[in-house]
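Could we go through this structure together and ask where each label comes from? Each answer sets a value beside its cut-off.

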Amino acid sequence: MSADYPSMTTAEIRSKFLNFFEERGLKLYPSSSLVPDDPSLLLANAGMNQFKEYYQGKKTMKEIGAISCQKCVRTNDIDCIGEDGRHLSFFEMLGDFSFGGVSKEQACAWAFELITKEFKLPLDRLYFTVFTEDDETHDVWRSLGVAEDHISRLGEDDNFWRAGPTGPCGPCSEIYYDQGPEFGCGSPDCAPGCDCDRFLEYWNCVFTQYDGQEDGTLVPLPKKNIDTGMGLERMAAIMQGVQSNYETDVLRSLVAVGERLAGVTYGEDAECDLALRIIADHSRSVTFMIADGILPGNEGRGYVLRRLLRRAIMKAQLIGIEGHFLNEYVDEIVRLMGDVYPEIVENRELERGLIMAEEDRFGATLRQGQAYLEEALGKLEGDVLSGEEAFTLHDTYGFPVEVT
């Protein structure tokens with residue numbers, strides 16, 4: 001991808017975003033813990049989580065709004081992680097939020113100014129989507145100079161945002177960067193919202209006007225609120241002129257750890273590359289989850305952590321990495337991100353100890369399961385292992401089905 005704008009590191013992008021909004025009167029808040037103070041959420045998955053009570057009118061602030069860089073973990077798309085350049089289990093979400101103090105017009109104008117004047121992204125490569133029924137936001141983008149053919153209307157699945165099954169929600173408007181037809185699917189109908197890599201969605205402006213109830217009804221909030229979020233890794237890919245999150249400065253450094261441990265070169269083998277990407281991603285989730293007090297377990301957050309840990313270990317074994325290795329990633333993550341998130345530095349020894357214990361535990365599981373599997377394969381008639389055998393491996397021995 002050829003870039004016609006200045007390159008920026010991940011740290012520079014983070015600072016520019018936060019400084020831009022702080023200069024405009026919004027208050028800077030630190031990232032909240034990955035363990036949210038919200039029973040409806042398993043893990044912090046968006047920047048607005050810590051401001052939920054402000055959106056509901058239960059709390060107020062004297063400033064016109066807030067900004068943060070929120071650490072997030074999402075695993076609903078875990079099978080997609082590493083398969084493309086967009087999906088991550090751990091990511092940083094830059095956001096600016098207002099609880100009645102900033103209008104929709106102002107929020108869109110600030111977003112437009114930041115990306116075209118500060119980041120200097122060319123307007124002809126920017127595309128905008130709005131909720132099907134949201135004429136107001138469509139007109140705002142047009143007034144700022146966005147061409148009609150660069151605005152699309154999408155339905156509720158794409159452009160109506162919800163933090164969870166209940167709580168603040170509302171229509172949203174996404175901003176996409178056109179990476180070029182060489183990254184597309186070739187379809188004449190390819191446009192923002194397509195599953196291919198051509199149009200990269202990196203910013204979402206959410207207009208939280210409702211409080212979603214358990215019965216599905218939408219109760220208007222006391223104030224019309226603003227919740228905008230920019231994916232830091234995705235913006236880094238754009239600003240660094242690369243096609244994948246895994247080629248940006250931070251994640252590429254973690255991929256390099258795997259290259260060194262496995263004695264391989266990224267870009268030479270598709271299956272090896274996939275493993276390197278998955279380990280790089282999962283290692284960040286694991287490090288930050290443990291730093292926030294989450295322990296490996298068999299349910300809830302502990303299960304998510306254990307699954308990520310074991311998936312990373314499994315992928316490492318497939319490319320020849322044996323024994324204790326994940327702490328090599330922990331050390332690099334602390335080096336890369338410890339100045340922004342001091343909790344991963346303060347809890348470094350806890351992270352290292354729990355990870356080594358889990359590596360030992362899962363290693364024993366794999367050895368025990370592999371003995372059973374080899375015995376089952378020895379008795380196999382034909383070339384298909386029965387579902388019953390695979391279930392026994394998973395249920396009795398804890399042997400992952402994808403390893404089987």
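What follows is a set of questions and answers on burial, cores and helix packing.

This is a predicted model, in which local features need pLDDT of at least 70, side-chain atom pairs count only at pLDDT 80 or more, and totals for chains, interfaces and linings use all residues. Residues are numbered from 1 along each chain as its sequence is written, and side-chain values use heavy atoms, with hydrogens and water left out.

Q: Why is Asp 134 called buried?
A: Buried means under 20% relative accessible area, exposed over 50% and partly exposed in between, using a 1.4 Å probe and protein chains only. Asp 134 has a relative accessible area of 8%, so the buried label applies.

Q: Where is Asp 134 found, and what does Asp 134 touch?
A: Asp 134 is in the loop between strand 4 (126-131) and helix 4 (135-143). Helices (H or I, at least four residues) and strands (E, at least two) are DSSP runs, numbered from the N terminus. Not counting residues up to four places away in sequence, Asp 134 touches Lys 104, Arg 153, Pro 171 and Phe 207; contact here means heavy atoms within 4.5 Å.

Q: Is Lys 120 buried, exposed or partly exposed, and what makes the label fit?
A: Its relative accessible area is 46%, which lies between the two cut-offs, so Lys 120 is partly exposed. Lys 120 is found in the loop between helix 3 and strand 4. Phi of Lys 120 is near 60°, a positive value in a residue other than glycine.

Q: Which label goes with Gly 25, and why?
A: Gly 25 has 39% relative accessibility and therefore counts as partly exposed. Its place is in the loop between helix 1 and strand 1 (27-28). Glu 63 is 38 residues from Gly 25 in sequence, but the C-alpha atoms are 6.9 Å apart in space. Leaving aside neighbours within four places in sequence, Gly 25 is in contact with Glu 63 and Ile 64.

Q: How do you know whether Ala 275 is buried or exposed?
A: Ala 275 has 4% relative accessibility, so this residue counts as buried. Ala 275 is found in helix 8 and touches Lys 315 and Ile 319, not counting residues up to four places away in sequence.

Q: What makes a set of residues a nonpolar core, and which members touch the most others in the largest one?
A: A nonpolar core is a set of buried Ala, Val, Leu, Ile, Met, Phe, Trp, Tyr and Cys residues joined through side-chain atoms within 4.5 Å. The largest such core has 98 residues, and Ile 13, Phe 119, Leu 121, Trp 141, Tyr 202 and Trp 203 touch the most other members. Helix 8 (residues 270-291) gives the most to this core, with ten residues. Apart from this core lies another, of 13 residues, among them Ala 46, Phe 51, Cys 172 and Val 206.

Q: Why are helix 1 and helix 6 called roughly perpendicular?
A: Axes are lines fitted to C-alpha atoms, for helices over the stretch in contact, and angles run from 0 to 180 degrees between N-to-C directions. Angles under 35 degrees count as roughly parallel, over 145 as roughly antiparallel, 65 to 115 as roughly perpendicular and the rest as oblique. The axes of helix 1 (residues 10-22) and helix 6 (residues 232-239) come within 9 Å and cross at roughly 115°, and the pair is therefore roughly perpendicular. The contact is made by Thr 10, Ile 13 and Arg 14 of helix 1 and Leu 232, Met 235, Ala 236 and Met 239 of helix 6.

Q: What makes helix 3 and helix 4 oblique?
A: The axes of helix 3 (residues 104-118) and helix 4 cross at roughly 40° and come within 10 Å. That angle fits none of the three named ranges, so the two helices are oblique to each other. Lys 104, Glu 105, Cys 108 and Phe 112 in helix 3 meet Glu 136, Thr 137, Val 140 and Trp 141 in helix 4.

Q: How do you know which label suits helix 8 and helix 10?
A: Helix 8 and helix 10 (residues 326-337) pack at an angle of about 75°, with their axes 9 Å apart. The pair is therefore roughly perpendicular.
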